[in-house]
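Open your viewer and keep a selection box ready. We will walk through a handful of stops, one selection at a time.

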Amino acid sequence: MKLSTKAALVSGFVLPGAGYFLVKAQWRGVIATAICLACLFVLTSEAAYRAKLIAEKILSGTLPFDAKFITNEIASLTGNYSADTLSTITTILLATWLFSIIDGYRIGRKHEGN
């Protein structure tokens, strides 16, 4: 398998930015990986926070254990971050991920040409 293909696949399926390490672009890999891990941390911590609030309401009996009521509660629940902030963080995550795939492939193609 070509180096460019390996770099794109590793960045796409293992960890965003990890393909840079295959093509000897360590700083790019560190930056892309750090951005993606920070975004994933914020998104998962927000999901866990909201899940905890809903679970507490279910266990206390204030929210019935019914999918319709739980769905409505999820939609109306406010967490640590606004919907706009979470949307921006998701966009940054996806853009960084996609960029690391394409750029890792591009750098790999340059190394294959030498």
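Is Cys39 buried or exposed? Select Cys39 and have a look at its surroundings: this residue is buried, with a relative accessible area of 8%. Keep in mind throughout that the model is a predicted one.

**Stop 1: the cysteines**

Leave Cys39 selected and think about sulfur pairing. The structure holds 0 disulfides. Add Cys36 to the selection: Cys36 is in no disulfide, and its nearest cysteine sulfur belongs to Cys39, 6.4 Å away. A disulfide would need the two sulfur atoms within 2.5 Å. Cys36 is also buried, at 0% relative accessibility.

**Stop 2: two nonpolar cores**

Now select Ala7, Tyr20, Val23, Ala25, Ala32 and Ile107, which together form the largest nonpolar core, 6 residues in all. Apart from that core lies another, of 5 residues, and Cys36, Cys39, Ile89 and Leu93 are among them. Both cysteines from the previous stop therefore turn up again here, as buried members of this second group. As background, nonpolar side chains in soluble globular proteins tend to be buried together.

Back in the largest core, centre on Ala25. Which residues does Ala25 touch, if those up to four places away in sequence are not counted? Show Tyr20 and Ile107, since Ala25 touches both under that condition.

**Stop 3: salt bridges along helix H3**

Next, colour the charged side chains. How many salt bridges does the structure hold? There are 5. In general, side chains of opposite charge can pair when their charged atoms come close.

Select Arg50 and Glu46: they form a salt bridge, with the closest N and O atoms 2.7 Å apart. These two are 4 residues apart in helix H3, so about one helical turn separates them. Glu46 is buried, with a relative accessible area of 2%.

Then select Lys52 and Glu56, whose side chains meet in a salt bridge at 3.8 Å, N to O. Lys52 and Glu56 are also 4 residues apart in helix H3, about one helical turn. Lys52 counts as exposed, at 52% relative accessibility, and Glu56 as partly exposed, at 41%.

**Stop 4: a network in helix H5**

Select Asp103 and Arg106. Their side chains meet in a salt bridge of 2.6 Å, N to O. Both lie in helix H5 (residues 83-113), 3 residues apart, about one turn of the helix. Asp103 counts as buried, at 4% relative accessibility, while Arg106 is partly exposed, with a relative accessible area of 36%. Add Arg28 to the view, and you have a network of salt bridges linking Arg28, Asp103 and Arg106.

**Stop 5: out on the surface**

Switch to a surface representation and select Met1, Leu9, Phe13 and Val14. These residues make a nonpolar surface patch of about 510 Å². Within that patch, pick Leu9, which sits in helix H1 (residues 3-13). Leu9 counts as partly exposed, at 35% relative accessibility.

**Stop 6: Leu59**

For the last selection, go to Leu59, in helix H3 (residues 26-60). Is Leu59 buried or exposed? Leu59 is exposed, with a relative accessible area of 76%. Finish by drawing a distance from Leu59 to Ser76: the pair is 17 residues apart in sequence and 19 Å apart in space, C-alpha to C-alpha.

How values were computed
Residues are numbered from 1 along each chain as its sequence is written. This is a predicted model: local features need pLDDT of at least 70, side-chain atom pairs count only at pLDDT 80 or more; totals for chains, interfaces and linings use all residues. Side-chain values use heavy atoms; hydrogens and water are left out. Patches are made of residues with over 30% relative accessible area and no salt bridge: like charges are joined within 9 Å, nonpolar side chains (Val, Leu, Ile, Met, Phe, Trp, Tyr) within 5 Å. Accessible areas come from the Shrake-Rupley method with a 1.4 Å probe; for residues, only the protein chains shown count as cover. A salt bridge is a side-chain nitrogen of Lys or Arg within 4 Å of a carboxyl oxygen of Asp or Glu. Buried means under 20% relative accessible area, exposed over 50%, partly exposed in between (1.4 Å probe, protein chains only). A nonpolar core is a set of buried Ala, Val, Leu, Ile, Met, Phe, Trp, Tyr and Cys residues joined through side-chain atoms within 4.5 Å. Contact means heavy atoms within 4.5 Å.
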